[in-house]
Amino acid sequence: MPDEEGHPSFEEIELGKVLSALADPLRRKVIRELSLAPVGCERTCASFGLPVSKATTTHHFKTMREAGLIRQVNRGNSRAAQLRTDDIENRFPGLLDMIRSELPETE
């Protein structure tokens, strides 16, 4: 059962939900950037500079959180996202390597 913040447990992280979350190029960009950062790195949602409204950004991060890709924590008036590196690597070995190797989209 997901915790009070909507983070699924390790056992609840499902491949279909992860792949669905990663189907969106903006969400893949976020996961790629987090996967290239030092393990445990936390970033605010706004720090990714997504070219969408605040409401759409919130939706993207909720989708990634509910899929089990990120953990979000409250940091005052914002939320910080941290990649669930160990959980993803243990559940789906090689997935983060594939995301890291994807070329960033040109803007």
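**View 1. Helix α2 has the span expected for its number of residues.** Welcome to a predicted model, where this view opens on helix α2, residues 25-36. At 1.5 Å a residue, its 12 residues should span 16 Å, and the end C-alpha atoms are indeed 16 Å apart, so the two values agree. Just at the start of α2, look for D24: one of its side-chain oxygens comes to within 2.8 Å of the backbone nitrogen of L26.

**View 2. Helix α2 has buried residues covered by several other elements.** Which residues of α2 are buried? They are R27, R28, V30, I31, R32, L34 and S35. The cover over these buried residues includes the helices α1 (15-22), α3 (54-67) and α5 (95-101). It also includes the strands β1 (42-44), β2 (70-75) and β3 (78-83). With the strands in the frame, you can see that α2 lies across β1, β2 and β3 and runs at about 70 degrees to β3.

**View 3. D97 belongs to helix α5.** Is D97 buried or exposed, or something in between? Its relative accessibility is 47%, which means that D97 counts as partly exposed. For a link back to α2, find R32, one of the buried residues of that helix. The C-alpha atoms of D97 and R32 are separated by 9.2 Å, although the two residues are 65 residues apart along the chain.

**View 4. Three strands make an open antiparallel sheet.** In what order do the strands stand? Reading across the sheet, the order is β1-β3-β2. The edges belong to β1 and β2, each of which has a single partner strand, so one side of each is left without a neighbour in the sheet. Ignoring direction, neighbouring strands of this sheet are turned by 35 degrees against each other on average.

**View 5. β3 pairs with β1 through 3 bridges and with β2 through 6 bridges.** Both pairings are antiparallel. Towards β1, a good place to zoom in is T44, which stands opposite A80 in β3. Towards β2, the matching spot to inspect is N74, which stands opposite R79 in β3. The hairpin of β2 and β3 has 2 residues between the strands, and G76 in this hairpin takes a positive phi near 70 degrees.

**View 6. Helix α3 lies across β2 and β3.** The helix runs at about 125 degrees to β2. How well does its length fit what a helix should span? At 1.5 Å a residue, the 14 residues of α3 should cover 20 Å, and the end C-alpha atoms are 20 Å apart, so the values agree. Buried residues in α3 are T57, H60, F61, M64, R65 and A67. Among the elements that cover them are α1, α2, β2 and β3. After the helix comes G68, whose phi is positive, near 95 degrees.

**View 7. F48 and F61 form a tilted aromatic pair.** How many aromatic pairs does a search of the whole structure find? The search finds 1. The ring centres of F48 and F61 are 5.7 Å apart and the ring planes meet at 45 degrees, so the pair is tilted. This pair links distant parts of the chain, with F48 in the loop between β1 and α3 and F61 in helix α3, 13 residues apart. Both F48 and F61 are buried.

Notes. Residues numbered from 1 in each chain as written. Predicted model: local features only at pLDDT ≥ 70, side-chain atom pairs only at ≥ 80, totals over all residues. Heavy atoms only, no water. Helix = DSSP H or I, 4+ residues; strand = E, 2+ residues; numbered from the N terminus. Expected span 1.5 Å × (residues − 1). Buried < 20%, exposed > 50% of the residue type's maximum accessible area, 1.4 Å probe, protein only. Contact = heavy atoms within 4.5 Å. Polar contact = N/O pair within 3.5 Å; in protein donor to acceptor, adjacent residues only side chain to side chain. Pairing = 2+ DSSP bridges. Axes fitted to C-alpha atoms, helices over the stretch in contact; angles between N-to-C directions. Phe/Tyr/Trp six-rings, centres within 6.5 Å; stacked < 30°, edge-to-face > 60°.
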